[in-house]
Amino acid sequence: MITRRHVLIAATAALGAPPRLWATTTLDLGGARIDTVSDGALVLSPTVLFGQMPQAELHELLARYGESLDRFDPPCNVTLYRDGKHTVLFDAGAGPDFQPSAGKLFEALATLTLGPEDITHVLFTHGHPDHLWGVLDDFDEPVFGHAVHMMGRIEHAFWMDPETVARIDEGRKGYAVGAARRLAALGERLTLLEDGAEVLPGITARLTPGHTPGHMAYALAEPTPALVLGDCLSNHHVAFERPDWPTGSDQDIAAAAATRIRLLAEVADTDLVLIGYHLPAGGLGRAERAPAGGYIFRPLEG
Ligand SMILES: [Zn+2]
């Protein structure tokens with residue numbers, strides 16, 4: 001039985017600043033519990049993301065969702081999983097150095113009376129700034145001092161390869177430098193994962209390449225199946241309706257499309273709960289087949 005509620009909490013704002021609202025979305029899994037907590041939002045270039053898609057069809061599609069190419073500022077949902085023994089974060093947020101609209105994770109965790117010292121595990125989906133850069137504090141020390149950090153072996157190798165900075169396209173060079181520095185700082189705190197590894201009881205890593213070379217999703221088994229998507233499906237409109245379209249934010253565009261197509265075919269019209277880092281409604285929902293082809297993201301009812 002799934003129960004879900006939205007909690008809007010006014011975080012204590014700095015003196016003189018307007019109060020900020022935090023959305024926390026809770027999925028009660030019986031013994032275990034998931035909260036998606038907001039790290040804020042990103043401000044991204046729609047042209048970079050959607051520029052390679054057929055533009056007339058894209059405009060029509062986005063318009064049906066009330067979106068346009070004027071702006072794209074997706075939310076960032078960090079998944080928090082607690083089973084009574086483990087307190088697990090899926091990704092670490094953007095930290096203070098990426099975009100001013102993101103890096104708000106600790107304020108959101110504080111509304112749940114959690115601090116970084118309470119986190120036992122940080123499981124990375126991939127090494128992009130909005131997922132990784134929150135691991136170090138202003139003094140370059142690991143923020144989650146008591147946590148085991150885990151990342152896919154292929155993903156780690158990609159960002160730690162000195163050739164990556166040289167080869168990666170110009171717009172992502174900062175990502176590569178930033179990832180290598182943070183992963184090096186984590187050092188032995190980091191455990192590397194293979195595809196299919198049971199990371200913790202009831203949590204399995206699943207290689208889902210394309211957005212980045214070693215991107216991992218995480219399957220949650222009990223008692224309700226759920227899948228922490230990371231950025232496999234990074235928006236609720238184009239990625240679902242036209243998973244085959246090329247997305248500029250993907251490192252390997254063809255592989256990312258293949259992953260979306262395979263994943264959606266597998267999960268659509270099942271009870272599997274999807275948890276997307278950049279999906280709306282706290283990221284929680286299910287995939288349905290659309291009558292006209294493609295898929296629809298159905299947020300869980302609030
Ligand atoms: Zn992302």
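This is a short tour of two pockets, two nonpolar cores and one buried aspartate in a predicted model.

**Stop 1: the largest pocket**

Start by selecting Leu44, Leu49, His128, Tyr175 and Ser249. Of the 21 residues that line the largest pocket, these lie nearest its centre. Helix H1 (46-50) and helix H4 (129-132) are the elements that give two or more residues to this lining, so colour both if you like to keep your bearings. The volume here is about 360 Å³. What kinds of residue make up the lining of the largest pocket? Nine are nonpolar, eight are polar and four are charged.

**Stop 2: the second largest pocket**

Next, select Gly95, Pro96, Phe106, Leu136 and Asp137, the residues nearest the centre of the second largest pocket. Its lining has 13 residues, and its volume is about 170 Å³. By type, the lining of this second largest pocket divides into seven nonpolar, three polar and three charged residues.

**Stop 3: the largest nonpolar core**

Now hide the pockets and show Leu89, Phe124 and Phe144 as sticks. Among the 34 residues of the largest nonpolar core, these three touch the most other members. The elements contributing two or more residues to this core are strand E4 (75-82), helix H3 (105-110), helix H5 (153-160) and helix H7 (173-186). Which of them gives the largest share? That is H7, with four residues.

Stay with Phe124 for a moment and display its surroundings. Setting aside neighbours within four places in sequence, Phe124 is in contact with Asp91, Ala92, His131, Leu132, Val135, His149, Met150, Met151, Leu186, Leu190, Met216 and Tyr218. One of these partners, Met216, leads to the next selection: Met216 belongs to another core, of 21 residues, that lies apart from the largest one. Ala32, Leu193 and Val273 are also among the members of that other core.

**Stop 4: Asp250**

Finish in the loop between helix H8 (238-241) and helix H9 (253-267), where you will find Asp250. Is Asp250 buried or exposed? Its relative accessible area is 3%, so Asp250 counts as buried, the limit being under 20%. Add His211 to the view: the side chains of Asp250 and His211 make a polar contact at 2.8 Å. To complete the picture, select Arg172, Gly210, Ala256 and Arg260, which, along with His211, are the residues Asp250 touches when those up to four places away in sequence are not counted.

Note on methods
Residues numbered from 1 in each chain as written. Predicted model: local features only at pLDDT ≥ 70, side-chain atom pairs only at ≥ 80, totals over all residues. Heavy atoms only, no water. 1 Å grid on protein atoms, 1.4 Å probe; cavity = no way out; pocket = protein on both sides within 12 Å on 5 of 7 lines; lining within 4 Å. Points joined across faces, edges and corners; volume = space filled by probe spheres on them. Nonpolar A, V, L, I, M, F, W, Y, C, P; charged D, E, K, R; others polar. Core = buried A, V, L, I, M, F, W, Y, C linked by side-chain atoms within 4.5 Å. Buried < 20%, exposed > 50% of the residue type's maximum accessible area, 1.4 Å probe, protein only. Contact = heavy atoms within 4.5 Å. Polar contact = N/O pair within 3.5 Å; in protein donor to acceptor, adjacent residues only side chain to side chain.
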